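Me: I'd like to go through some labels on this model and see what stands behind them. Could you take me through it?

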Amino acid sequence: VSFANSLGATKSLNAVSVTANSVSLTGNISATGNITIDAPLTLNRAVSISSTGGAILFKGTIDSDSTNTPRSLTVGVANQPGTTEFQNTLGATNPLGAVTVNRIGTIKIADDITTANAPVTFKGAVVLSGSTVITTKTGTGNGGRSEEHTSELQSRQYLVCRLLLEK
């Protein structure tokens, strides 16, 4: 399934649920209720996905459309409540640009996150359901990037944040 335009741009949708072999997203998604994407998700540009009153669930992997064009993913707007859940890897095949979760609810992470010279920011409480590695790849002379966690980290597993300097 390919979405070339934004969903809920003029008026937020009540809910969004997509189940497919794969999803290609070029526009943003805005809803008032739950958003569920049950498929590998490919970002064709920087994308924002937000819900003012429901959970946001990503069941499949999330990747940029190419390694040459890392795409940023923003989930939620400032102080937006609700649970956000990533059940699979982010950026494993084609690294993402910045990953930002602005929601103040619980953020559940089950697998690794990889970005290309871009920060990873979580505003809500992070709960790990598996061993998670956040990798930020940085080229020479770029000054480095960081992972920012403004709320508590809750887990029986472990989190490894690493910065890879590549020449």
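Reply: Gladly, and let's begin with N117, which is found in the loop between β14 (113-116) and β15 (120-122). Strands here are DSSP E runs of at least two residues, numbered from the N terminus. This is a predicted model: local features need pLDDT of at least 70, side-chain atom pairs count only at pLDDT 80 or more, and totals for chains, interfaces and linings use all residues. Residues are numbered from 1 along each chain as its sequence is written, and side-chain values use heavy atoms, with hydrogens and water left out.

Me: Why is N117 called partly exposed?

Reply: Buried means under 20% relative accessible area and exposed over 50%, with partly exposed in between (1.4 Å probe, protein chains only). N117 has 26%, so it is partly exposed.

Me: And what makes N79 exposed?

Reply: N79 has a relative accessible area of 58%, so it counts as exposed. This residue is found in the loop between β10 (73-75) and β11 (84-86).

Me: What is notable about phi of N79?

Reply: Phi of N79 is near 60 degrees, a positive value in a residue other than glycine. Most residues other than glycine have a negative phi. Phi of N117 is also near 60 degrees.

Me: How do you know that β2 and β5 pair?

Reply: Two strands pair if DSSP finds at least two bridges between them. Strands β2 and β5 (residues 35-38) have four bridges, in the parallel sense. T19 stands opposite D38 in β5.
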